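Notebook open, structure loaded. I'll jot down what I look up as I go.

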Amino acid sequence: MDQRRRRYDREFKIEAVNLATNSSRPFGEIANNLGLSPNMLWRWKRELAPEVDSDNGNGRIGSNGTELEKLNGELRLVKEERDALRKALIILSRMGD
C-alpha cells in the first residue's frame with residue numbers, strides 16, 4: 001500500500017479555509033467533505049489568517065435584510081462550496097495517476 005503524503009497548493013488551502021469560515025456548516029463537516037482532517041484545516045486557518053477574507057460573517061442576513069439578499073448570500077455560499085469541491089476532485093484525481 002502506497003502511503004504518500006498529499007500536498008495541497010496555497011490556492012486550495014486558502015479556498016478551503018474561506019469556505020469553512022464563511023459557511024454555516026461545522027468546520028469538521030467541511031473538512032471531511034474536502035477529504036481533509038479537521039486539524040489540518042484548523043492549522044491552515046491559523047497559518048493563512050492574514051490572507052483569508054475574514055470580513056464575511058457566517059452567511060446569515062440580519063433582521064432588516066430582504067429575502068433576495070438572503071438568497072443571494074446562500075447562492076454565493078453554495079457556489080463557493082461547489083468550486084472548492086471541484087478543486088479537491090481535480091487534486092485527488094491527479095494523485096491517482
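**Helix α1 and its neighbours**

I started with the length of α1, bearing in mind that this is a predicted model. At 1.5 Å a residue, its 13 residues should span 18 Å, and I find the end C-alpha atoms 18 Å apart, so the two agree.

Next I asked which residues of α1 are buried. My list reads Phe12, Ile14, Ala16, Val17, Asn18, Leu19, Ala20 and Asn22. What do they pack against? I get α2, α3 and α4, the last of these running over 67-95.

**Aromatic pairs**

I then went through the rings and noted four aromatic pairs in the structure. I wrote down two of them in detail.

Tyr8 and Trp44 make an edge-to-face pair, with 5.3 Å from centre to centre and 70 degrees between the planes. This pair joins distant parts of the chain: Tyr8 sits in the segment before α1 (10-22), Trp44 sits in helix α3 (residues 38-47), and 36 residues separate them. Buried or exposed, I wondered about Tyr8. Tyr8 counts as buried because its relative accessibility is 13%, under the 20% cut-off. Trp44 is buried as well, with a relative accessible area of 1%.

Phe27 and Trp42 form a stacked pair, 3.9 Å centre to centre with 25 degrees between the planes. Here too distant parts of the chain are linked: I place Phe27 in helix α2 (residues 27-33) and Trp42 in helix α3, 15 residues apart. Phe27 comes out as buried at 11% relative accessibility, whereas Trp42 at 40% counts as partly exposed.

Which residues do ring pairs link into a cluster? I noted Tyr8, Phe12 and Trp44. Phe12 was already in my notes as one of the buried residues of α1.

**The largest pocket**

Last stop was the empty space. I read off about 200 Å³ for the largest pocket. Its lining is made up of Arg5, Arg6, Arg7, Tyr8, Lys13, Met40, Arg43 and Trp44. So Tyr8 and Trp44 turn up again: they line this pocket, and they are the edge-to-face pair from above, both counted as buried.

Which element gives the largest share of the lining? That is α3, with three residues. I also sorted the lining by type and got five charged, three nonpolar and no polar residues.

Notes
Residues are numbered from 1 along each chain as its sequence is written. This is a predicted model: local features need pLDDT of at least 70, side-chain atom pairs count only at pLDDT 80 or more; totals for chains, interfaces and linings use all residues. Side-chain values use heavy atoms; hydrogens and water are left out. Rings of Phe, Tyr and Trp (its six-membered ring) pair if their centres lie within 6.5 Å; planes under 30 degrees apart count as stacked, over 60 as edge-to-face and the rest as tilted. Helices (H or I, at least four residues) and strands (E, at least two) are DSSP runs, numbered from the N terminus. Buried means under 20% relative accessible area, exposed over 50%, partly exposed in between (1.4 Å probe, protein chains only). On a 1 Å grid over the protein atoms alone, a cavity is a set of points where a 1.4 Å probe fits but cannot get out, and a pocket is an open set with protein on both sides within 12 Å along at least five of seven lines; lining residues have an atom within 4 Å of a point. Grid points are joined across faces, edges and corners, and a volume is the space filled by probe spheres set on the points. Ala, Val, Leu, Ile, Met, Phe, Trp, Tyr, Cys and Pro count as nonpolar, Asp, Glu, Lys and Arg as charged, and the others, Gly among them, as polar. The expected span of a helix is 1.5 Å times one less than its number of residues. Contact means heavy atoms within 4.5 Å.
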